[in-house]
Amino acid sequence: MKRKWLAAAAFAVLAIGILFLQDAASVQRAAIGGEVTWVIEPGAHVEEGDALVRIAALSGGEAVAARAKDRGVVRKTVTMVGAHIRKGDAVAKIGRE
């Protein structure tokens, strides 16, 4: 009985440790949709509110489709120039610095 409790406690400690060691990257989503004209590069440092993705605007030019919700480093971009995104699509992952 004691061994079962010890094994359960060891498993719990291991599981919690793994959760804390993983990079807690947050998924950034598009606020509006359209054809992507620019995407931030992975590895870029961003502040809250920085542009992550721009799309072609109906009136010409570009509009920001997604802004950083957190401060950190762009770990991964999930879209590319020329792709079509919709509101709510994941576009990038930002991790802690």
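Which residue's side chain does a polar contact of 2.9 Å join to the side chain of Gln28? The partner is Ser26, linked to Gln28 side chain to side chain. The model you are looking at is predicted, and Gln28 makes a friendly starting point for a walk through it.

**Around Gln28**

Find strand S1, where Gln28 has its place. Is Gln28 buried or exposed? Its relative accessibility is 0%, and since buried means under 20%, Gln28 counts as buried. Besides Ser26, the side chain of Gln28 has another polar partner: the backbone nitrogen of Lys69, reached at 2.7 Å. Leaving out residues up to four places away in sequence, Gln28 also touches a set of residues including Leu52, Arg67, Ala68, Asp89 and Val91.

**How the strands pair**

Strand S1 covers residues 26-29 and runs antiparallel to strand S8, residues 90-95, with four bridges joining them. Strand S8 also pairs with strand S6, residues 72-77, again in the antiparallel sense and over four bridges. Try finding Lys93 in S8: Val27 stands opposite Lys93, and so does Lys76.

Now turn to an open sheet of four strands, whose order is S5-S4-S2-S7 with antiparallel pairing. Which strands are at its edges? They are S5 (62-67) and S7 (84-85), each pairing on one side only. Strand S2, residues 34-39, pairs with S7 over two bridges, and here Glu35 stands opposite His84.

The table gathers the pairs described by their bridges.

| Strand pair | Sense | Bridges |
|---|---|---|
| S1 and S8 | antiparallel | four |
| S6 and S8 | antiparallel | four |
| S2 and S7 | antiparallel | two |

As you trace a strand, keep one rule in mind: in a regular strand the side chains alternate between the two faces of the sheet.

**The nonpolar core**

How many residues does the largest nonpolar core have? It has 16 residues, and those with the most contacts inside it are Val46, Leu52, Val53, Ile85 and Val91. Strands S2, S4 (51-56), S5 and S8 each supply at least two residues of this core.

Leu52 is a good place to end, as it brings us back to the start. Setting aside its neighbours within four places in sequence, Leu52 is in contact with Gln28. Other contacts of Leu52 include Trp38, Val39, Ile40, Val46, Val74 and Ile94. Thus a residue with many core contacts, Leu52, also touches the buried Gln28.

Conventions:
Residues are numbered from 1 along each chain as its sequence is written. This is a predicted model: local features need pLDDT of at least 70, side-chain atom pairs count only at pLDDT 80 or more; totals for chains, interfaces and linings use all residues. Side-chain values use heavy atoms; hydrogens and water are left out. Two strands pair if DSSP finds at least two bridges between them. Buried means under 20% relative accessible area, exposed over 50%, partly exposed in between (1.4 Å probe, protein chains only). A polar contact is a pair of N or O atoms within 3.5 Å; within protein, one must be able to donate a hydrogen and the other to accept it, and residues adjacent in sequence count only if both atoms are side-chain atoms. Contact means heavy atoms within 4.5 Å. A nonpolar core is a set of buried Ala, Val, Leu, Ile, Met, Phe, Trp, Tyr and Cys residues joined through side-chain atoms within 4.5 Å.
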